[in-house]
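Got the structure open in your viewer? Let's take a tour, one selection at a time.

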Amino acid sequence: LEFLSIWSNDSGSGFEHTKSLYVGRNGGPYLVREWKDDEEIARAAALNIARFYRLLRDAAAAVNPRFRVATRLESFYGERKHLWPELGDRVDAEVNSLLTQGWENNYPHPNYADIPVLNTALHNGLREDEIAAATELEARGGRAWFYHFLASHANHEPLLGIPFPWLALEKLEACRKAGAKALAHMGGVHPPDKVPYAVNQEVFRLFQLGAESDAEQAVASVARRWAGPEHAADLVRGWRLTDEAVRSFVPLSLYSSFGSVWQRLFVRPLVPDIERIPEDERAYYEAFMCTAPHNPNKVDLARDVLFELLTKDYCFKAFSRTDKHALPPLDKAAALFRDKAERLRRAGEGEAARVFEDQHFRARALGCYFETLRNTAVWVYAVHEHIDSADSARRAECRRMLSEMIDREIVNSRNFLKLWEEAGAAGVEWMTVAAEGETPFVYGANFPELMRRRMALMEKHRDDPPRIDPDYMFRVPGNPYGGDAAGDR
């Protein structure tokens with residue numbers, strides 16, 4: 001082994017006394033020589049983290065003197081200034097940006113200057129002043145690994161093989177131009193038996209090998225190889241449309257990555273008052289949510305534990321821009337791929353037809369995904385606006401928006417089911433599914449059954465008045481401080 005990458009994530013992952021631990025520093029001042037101030041505790045925690053990394057490095061060096069340890073810096077926002085000088089001598093940093101503190105965003109969305117993005121393929125640039133910090137680390141024997149996302153992780157989970165080759169190449173080219181020396185490739189690699197036409201990965205391979213440094217040439221060469229010279233231009237046109245759709249979408253925090261699975265977004269009903277659905281009827285999806293028992297996300301899509309995921313204003317921008325800029329090119333791409341596949345099949349060109357058919361199903365999958373996220377944004381905006389507003393006309397408009405959203409999401413659920421059946425018959429795997437059964441981290445083969453339950457609940461509860469209990473997370477049975485949900489409330 002040449003290196004070990006250690007993810008601390010946002011909870012500190014067991015590093016005691018780090019400020020990012022959800023419930024606060026475990027032990028706080030008591031375990032770090034009583035009543036030390038914030039700065040002293042942060043310094044002690046940083047030194048402890050650094051000692052652990054060096055221990056791993058030195059133990060491995062007995063076998064491989066070149067061995068390196070890399071750490072993700074974002075979660076150590078409380079300790080960063082003390083940890084940064086400790087990095088070096090084969091203890092590295094892997095980052096979105098070396099110029100931020102914690103989870104700050106300092107790069108704009110490729111299409112919307114007012115939307116900050118990091119940690120996805122939408123972060124498609126690298127500023128040259130990042131290299132000064134990287135050079136400082138290199139002088140101490142460390143290395144900066146800049147993240148690059150081109151597959152499912154953080155981009156459209158749990159979908160497989162979504163094509164956006166130009167967007168993927170832009171980050172690579174920006175890193176090369178800025179002078180970055182190392183990348184941390186995030187997002188996974190799709191196995192070819194599941195995703196035989198993974199164009200993002202293929203252009204990445206060409207870039208790595210130096211075979212095609214120009215994006216247009218790289219994409220065109222892949223299209224010619226897969227579809228043949230006669231049909232390559234049509235394949236490139238379809239990819240251009242999907243790339244346009246991806247870079248025109250406004251991300252919705254966790255939901256645009258693992259949250260669509262963790263929070264069971266595809267199969268949970270979008271209704272005005274989620275809590276009006278009895279608990280036993282919600283259990284089919286709540287039992288598999290990766291969440292704490294009293295997470296307000298169960299009744300409020302704008303929140304997750306103690307965090308505000310989305311604001312009303314942000315969600316208004318998200319669904320408005322999705323309708324105008326993201327969904328239209330995606331519809332065109334799906335139609336182009338479908339029509340081309342049908343023509344090629346009639347002409348007896350089965351191999352080329354298969355490429356377009358595969359891309360057609362993936363474009364449709366992305367359309368379903370975008371529609372669910374678009375409707376989630378409408379839910380956040382309209383439910384919260386209805387609760388916050390005293391104006392009867394405004395509240396009536398929110399009810400109208402919610403009714404229209406529910407109509408759209410029921411249709412979208414049917415489209416999900418149709419896609420499941422048609423793509424399955426064609427042998428195209430468009431979504432990660434666990435044959436062994438559903439878990440909080442993956443959907444299962446019972447996906448169609450859950451989708452039908454979702455639609456039934458949306459029909460049943462579509463006219464409930466919008467409501468969110470602001471005290472939901474404090475309703476713990478037997479809690480002597482917050483009331484008992486079974487009694488004194």
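**Start at a loop proline**

Select Pro-196 and show its surroundings: leaving out residues up to four places away in sequence, Pro-196 touches Trp-226, Asp-358 and Arg-362, where a contact means heavy atoms within 4.5 Å. Before going further, know that this is a predicted model, in which local features need pLDDT of at least 70 and side-chain atom pairs count only at pLDDT 80 or more, while totals for chains, interfaces and linings use all residues. Residues are numbered from 1 along each chain as its sequence is written, and side-chain values use heavy atoms, with hydrogens and water left out.

Pro-196 sits in the loop between β5 and α6 (199-209). Those labels follow DSSP runs numbered from the N terminus: helices are H or I with at least four residues, strands are E with at least two. Is Pro-196 buried or exposed? Neither: at 39% relative accessibility, Pro-196 counts as partly exposed. The scale runs like this: buried is under 20% relative accessible area, exposed is over 50%, and partly exposed is in between, using a 1.4 Å probe and protein chains only. Now add Val-428 to the selection: this residue is 232 residues from Pro-196 along the chain, yet their C-alpha atoms are separated by 9.4 Å.

**Color the sheet**

Next, pick out the five strands of an open sheet, in the order β1-β2-β3-β4-β5 with parallel pairing. Strands count as a pair if DSSP finds at least two bridges between them. At the edges you'll find β1 (3-6) and β5 (183-186), each pairing on one side only. Turn the view and look for the twist, which averages 30° from one strand to the next.

Zoom in on β3 (residues 91-95) and β4 (residues 144-149), parallel strands joined by three bridges. Which residue in β4 is the bridge partner of Glu-94? Select Trp-145 and you have it.

Now bring in two helices. Helix α4 (residues 130-139) lies across β3 and β4, at about 135° to β4. Helix α5 (residues 165-178) lies across β4 and β5, and runs at about 160° to β4. These angles are taken between N-to-C directions, from 0 to 180 degrees, with axes as lines fitted to C-alpha atoms, for helices over the stretch in contact.

**Some loop stops**

Go to Thr-120, in the loop between β3 and α4. Thr-120 is buried, with a relative accessible area of 15%. Setting aside neighbours within four places in sequence, Thr-120 is in contact with Phe-149, Ala-154 and Asn-155.

Then check Pro-158, in the loop between β4 and α5. The peptide bond leading from Glu-157 to Pro-158 is cis, with omega near 5°. Another backbone stop is Asp-89, in the loop between α3 (80-83) and β3. Asp-89 has a phi near 50°, a positive value in a residue other than glycine. Why make these stops? Most residues other than glycine have a negative phi, and most peptide bonds are trans.

**Into the core**

Hide the surface and look inside. A nonpolar core here is a set of buried Ala, Val, Leu, Ile, Met, Phe, Trp, Tyr and Cys residues joined through side-chain atoms within 4.5 Å. The largest one has 107 residues, and the members touching the most others are Trp-239, Phe-370, Trp-379, Trp-430 and Phe-447. Helix α12 (residues 350-388) gives the most to this core, with 19 residues. Apart from it lies another core of 30 residues, including Ala-50, Ala-60, Phe-76 and Leu-137.

Center on Trp-379: beyond residues up to four places away in sequence, its contacts include Leu-270, Val-299, His-384, Met-405 and Ile-468.

**Two helices to finish**

Select α2 (residues 38-61). At 1.5 Å a residue, its 24 residues should span 34 Å, and its end C-alpha atoms are 35 Å apart, which agrees. The expected span is 1.5 Å times one less than the number of residues. Among the buried residues of α2 are Ile-41, Ile-49, Tyr-53 and Arg-57.

Last, choose α14 (residues 447-461), where the expected 21 Å for 15 residues agrees with end C-alpha atoms 21 Å apart. Its buried residues, including Phe-447, Leu-450 and Met-458, pack against α10 (279-286), α12, α13 (392-426) and β9 (443-444).
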